[in-house]
Amino acid sequence: MADPNPFLPISQPLHPTYTSLPDVSHRRFSKKLLFGVFSALSLVLLFVALVIDQKGSEQTFPSRENENVASLSLPKETAKPETLRPISRGVSAGVSEKASLISSGSASSEEQYPWNNSMLSWQRTAFHFQPEKNWMNDPNGPLFYKGWYHFFYQYNPNAAVWGDIVWGHAVSRDLIHWLHLPLAMVANQWYDQNGVWTGSATILPDGNIIMLYTGSTNESVQVQNLAYPADANDPLLLEWTKYSGNPVLVPPPGIDIKDFRDPTTAWYTSEGKWRISIGSKVGKTGVALIYDTEDFINYNLKSEALHGVPGTGMWECVDFYPVSKKYQHGLDTSDNGPDVKHVVKASLDDDRHDYYAIGTYDELNSKWTPDNPDIDVGIGLRYDYGIFYASKTFYDHHKGRRVLWGWIGESDSELADVKKGWACLQAIPRTVSLDTKTGSNLLQWPVEEVENLRLRAREFKKVEVEPGSVVPLDLDAATQLDIVAVFELDKDALMKTAESTEEFSCKTSRGAAHRNALGPFGLLVLADDSLAEQTPVYFYINKGSNGTFKTFFCTDQSRSSAANDVNKQIYGNFVPVLEGEKFTLRILVDHSIIESFAQGGRTTITSRVYPTRAIYGSAKVFLFNNAIETNVTASLKIWQMNSAFIRPYPNIR
């Protein structure tokens, strides 16, 4: 029987050229730290200006050869309640434990949903990257080298939960069809004994590769280490050598030993030096520290951070890169000039979301300033308004584009992950560019190669969807799809609609059941025939008191699954729709992941859903219009998607 109230919200439980690496003697960590403490005594007020958000002239440090520390101190702050976190699973976990934040309530293991093998097997994706088994998280050091795209990632080779982190490794010719390779780096040194954590690759002008990564030491101190290919002639980069003098950077005074991680790709400066940024915090101020180096062994900490925002907490996985103000193609990380803007992105450890801002980079003063302080890093725009974290970009010089990777966590219970034997995956790589029409946001779009997976297509032209109606779309299968849709509203209805003072939010609304004159309207994906299980992806439009329209883009998971141990949030945010534009949408459906892109990628939402009924042949797609006053006309093209057949590289163990 069809559900008579298909959009009714469901109440649920709270649930320069570089030619060689010199072989210098190993420097003990404790000596470095002691040396840094003494050198920092005269600099105790270094970051006061940052916290009170005032600009000052750059200080010159008394420096010595190989010095890599400087003083960081702040006034005392009023204590604030800490964000509740999952219980740590290990000695080295702490703030770097990127566990999924699952709202599964207080149910005991006996009360967990009775997942069967058929349901769990269906959840595994067909064309998104994930290991053959076990846990994965952050993307690491992506690059293109000798005809291959290389992807490294945080991986637990022993279980489907976070822990024992090493670097997995895979290669591809096209960013879609991946081949698994042996582990790239394992935790076998004192400086990374508790984890080979996140890092970035830099390709030097002579073609050599530098890999900087965070290690968690035998005492759980976060340090930065250097590695490089053992054989630069090997296109598969199967073996990596860790520098004998590691670590090359230790936490400077004023920075907690567990708040210093995730070095960026290096960029080249006009002074002939390389520059990197590392995420940290000072008090509650999230900061991107900045270091200069000429050889990737000796570093100087700049007197001010690249940027920081009070109240945002720890900045993980910082990224910094240029975007063109005129063109859609990507730029090398070292590019700069009058036609270039720079993006600063940080992954906030407090809420596990990726925030970015667009601004101006002053290379001489090593400072970056946001174009709009009201939407600064951590308080404004996000890459993605669903599950998307610890992302990293790289410049793909092969195709002249900037490509974004993002870690997609789970939103089911950990017990279910253990039962199915794997957890987490990666988003389809996305190209990133400045939206030259708005100038205020980025555009993200799936890499063009994913379209090679398209098989047969169905086209639906100008389908009229009346207010309060649901229209089924006749598809052979609906678990691996690429959907492109265009929606048009009745113009007369738009003009006649009364103005409203409504304050709308995707997250706090009643989801697709929250109706007004002009919305919601969109698609129901991974829905069963009765609509008991469904995931609406939709637009919602407000006509403001001044007669202007504001559009929101949302995904409603409140009825995505009958299971009681999965997170069923409502995601979304405002999306710019310019005058004369239609409402456009692209959705990639791949079993338990839904990636949605509105208005050419101005706003994106990634969801993990775990249906119990809308799986295999029972999964359907519907158009819906839950507006009160206006008809919607929809035109769609929907492709069935092939699998990427991700597998081990042949004859390599």
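Start with the side chains of Gln224 and Thr214: in this predicted model, a polar contact of 2.7 Å joins them. Gln224 itself belongs to strand E7, which covers residues 222–229. Its relative accessible area is 1%, and since anything under 20% counts as buried, Gln224 is buried. So what surrounds Gln224, once its neighbours within four places in sequence are left aside? Thr214 turns up again here, together with Tyr213. Further along the chain, Gln224 also touches Pro247, Val248 and Leu249, then the run Phe260, Arg261, Asp262 and Pro263, and finally Ile278.

Now for a second polar contact, this one in a loop. Thr612 sits between strand E34 (603–608) and strand E35 (620–625). Is Thr612 buried or exposed? Its relative accessibility is 11%, so Thr612 counts as buried. The side chain of Thr612 has a polar contact of 2.7 Å with the side chain of Glu533. Leaving out residues within four places in sequence, Thr612 is in contact with Glu533 as well as Ser561, Ala562 and Ala563. Tyr113, Trp115 and Met119 are also on that contact list.

Step back to the whole chain for a moment. There are 653 residues, and 59% of them count as buried. The secondary structure comprises five helices and 37 strands. As for the outside, the accessible surface comes to about 25600 Å², with 51% of it belonging to carbon and sulfur atoms.

Aromatic rings are worth a look too, as the structure holds 38 aromatic pairs. Take Tyr383 and Phe388: their ring centres are 6.3 Å apart and their planes stand at 90 degrees, so this pair is edge-to-face. Both partners are tucked away from solvent by the numbers: Tyr383 counts as buried at 1% relative accessibility, and Phe388 counts as buried at 2%. Elsewhere, which residues form one aromatic cluster? Two are tryptophans, Trp178 and Trp405, and they are joined by Phe129, Phe151, Tyr153 and Tyr155.

Rings also meet lysines in this model. Lys420 lies over the face of Trp422, 4.2 Å from the ring centre. Over at Phe574, the charged end of Lys550 sits over the ring, at 5.3 Å from its centre.

Definitions and conventions: Residues are numbered from 1 along each chain as its sequence is written. This is a predicted model: local features need pLDDT of at least 70, side-chain atom pairs count only at pLDDT 80 or more; totals for chains, interfaces and linings use all residues. Side-chain values use heavy atoms; hydrogens and water are left out. Helices (H or I, at least four residues) and strands (E, at least two) are DSSP runs, numbered from the N terminus. Buried means under 20% relative accessible area, exposed over 50%, partly exposed in between (1.4 Å probe, protein chains only). A polar contact is a pair of N or O atoms within 3.5 Å; within protein, one must be able to donate a hydrogen and the other to accept it, and residues adjacent in sequence count only if both atoms are side-chain atoms. Contact means heavy atoms within 4.5 Å. Accessible areas come from the Shrake-Rupley method with a 1.4 Å probe; for residues, only the protein chains shown count as cover. Rings of Phe, Tyr and Trp (its six-membered ring) pair if their centres lie within 6.5 Å; planes under 30 degrees apart count as stacked, over 60 as edge-to-face and the rest as tilted. A charge sits over a ring if NZ of Lys or CZ of Arg is within 6 Å of the ring centre and within 35 degrees of the ring normal.
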